[in-house]
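Got your viewer open? Let's take a walk through this one, a stop at a time.

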Amino acid sequence: MKAARLVIAAACAIVLAAPLAALDLESITGKFGIAVINIDRFDDSQPTAPMPIVSTLGLGLGLPFAEGSSWALRPSLDLLWTNYEWDEASGRALPTESDQSGDNNVFVLGLMLDLPVSFDFRFSERLGGGVQLGLAALMRVSLPGDPNLPRDQVQENLSKVSAYFWGAARWFYPSFGLRFDVFLQEGFTFELGLRGFLPVFNAWTDEAPFWDHLTGHVSLGMRLAL
């Protein structure tokens, strides 16, 4: 099962990143941000869960389709992390507090690989931005929330949470975004990014409403021209 998940993750990375080899790298962006993950339920009879607000660290690339083109691929990779627990009654993984004790606390480390196509525009010599649409893969790794507990106590919950997020394509998110740029000096540009990730997998599963795990992301970054 673990090997299959690694194969799926590698295949996603290759499929999403394959077009990059044919383009010239124009810029690289380091960024940090905040992601808000919406948690929804059908009715009040289902368990409640906190709405995670998580920190992110990321790296983005700028690959224009041609020199001087307004169209570009702007792939990015963002690291995020939060805690989940397995809810047996609803058959789904739900966010939990990081300080919850016991064997049902799973630390989930995620890598969001986003491959959007961007249309860039300028307001002036110093101000610009872009709008983008793309496809993203959120690859999650489940780890014990309390590393002091024996591994066999937490293994069952780890397996259930991991299987839930890898099953039914719950790693697949179409993405959309808006970016604002401020040119600072030669080679350096400040970025404010706003992105959304749609949980389309809820359209073919019945565990949660469609907007469950809708994710909004705000980031600040510095772009270095190459």
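## Starting at a hairpin

Keep in mind that this is a predicted model. First, pick out Gly68: in the hairpin of E2 and E3, with six residues between the strands, this glycine takes a positive phi near 80°. Now colour the two strands themselves. E2 and E3, the latter covering residues 71–73, pair in the antiparallel sense over two bridges. Click Pro64 and you'll find Ala72 of E3 standing opposite.

## Around E2

Stay with E2 (residues 53–64) and add E1 (residues 27–37): these strands are antiparallel, paired over 10 bridges. Which residue of E2 is the bridge partner of Ile28? Select Leu61 to see the partner. Next, bring in E4. E2 pairs with E4 too, in the antiparallel sense, over five bridges. For a spot to zoom in on, try Gly60, which sits opposite Ser76 of E4.

## Into the core

Time to look inside. Select Ile37, Ile39, Tyr84, Trp86, Ala93, Val106, Val108, Val154, Leu158, Val161, Tyr164 and Phe165: these 12 residues are the largest nonpolar core. Two or more residues each come from strand E4 (76–87), strand E6 (106–122) and helix H2 (151–166). H2 is the top contributor, giving five residues to this core. Now centre on Val161 and show its contacts: leaving aside residues up to four places away in sequence, Val161 touches Tyr84, Glu85, Trp86, Ala93, Val106, Val108 and Ser142. Apart from this core lies another one, of nine residues, including Ala35, Met112, Leu138 and Phe201.

## Over to E8, E9 and E10

Now select E8 (residues 172–185) and E9 (residues 188–197), an antiparallel pair with 10 bridges. Asp181 has Glu191 in E9 as its bridge partner. Their hairpin has two residues between the strands, and there Gly187 takes a positive phi near 90°. Then add E10 (residues 215–225), which runs antiparallel to E9 and is joined to E9 by 10 bridges. Gly193 is the one to click here, with Ser219 of E10 opposite.

## Last stop: the surface

Turn on the surface and highlight Leu25, Phe32, Leu57, Trp81, Leu184, Phe188, Phe190, Leu220, Met222, Leu224 and Leu226, a nonpolar patch with about 970 Å² of accessible area together. E9 and E10 are the elements that give two or more residues to the patch, and E10 gives the most, with three. Finish on Leu226, in the segment after E10. Is Leu226 buried or exposed? Leu226 counts as exposed because its relative accessible area is 63%, and the cut-off for exposed is over 50%.

Definitions and conventions
Residues are numbered from 1 along each chain as its sequence is written. This is a predicted model: local features need pLDDT of at least 70, side-chain atom pairs count only at pLDDT 80 or more; totals for chains, interfaces and linings use all residues. Side-chain values use heavy atoms; hydrogens and water are left out. Two strands pair if DSSP finds at least two bridges between them. Helices (H or I, at least four residues) and strands (E, at least two) are DSSP runs, numbered from the N terminus. Patches are made of residues with over 30% relative accessible area and no salt bridge: like charges are joined within 9 Å, nonpolar side chains (Val, Leu, Ile, Met, Phe, Trp, Tyr) within 5 Å. Accessible areas come from the Shrake-Rupley method with a 1.4 Å probe; for residues, only the protein chains shown count as cover. A salt bridge is a side-chain nitrogen of Lys or Arg within 4 Å of a carboxyl oxygen of Asp or Glu. Buried means under 20% relative accessible area, exposed over 50%, partly exposed in between (1.4 Å probe, protein chains only). A nonpolar core is a set of buried Ala, Val, Leu, Ile, Met, Phe, Trp, Tyr and Cys residues joined through side-chain atoms within 4.5 Å. Contact means heavy atoms within 4.5 Å.
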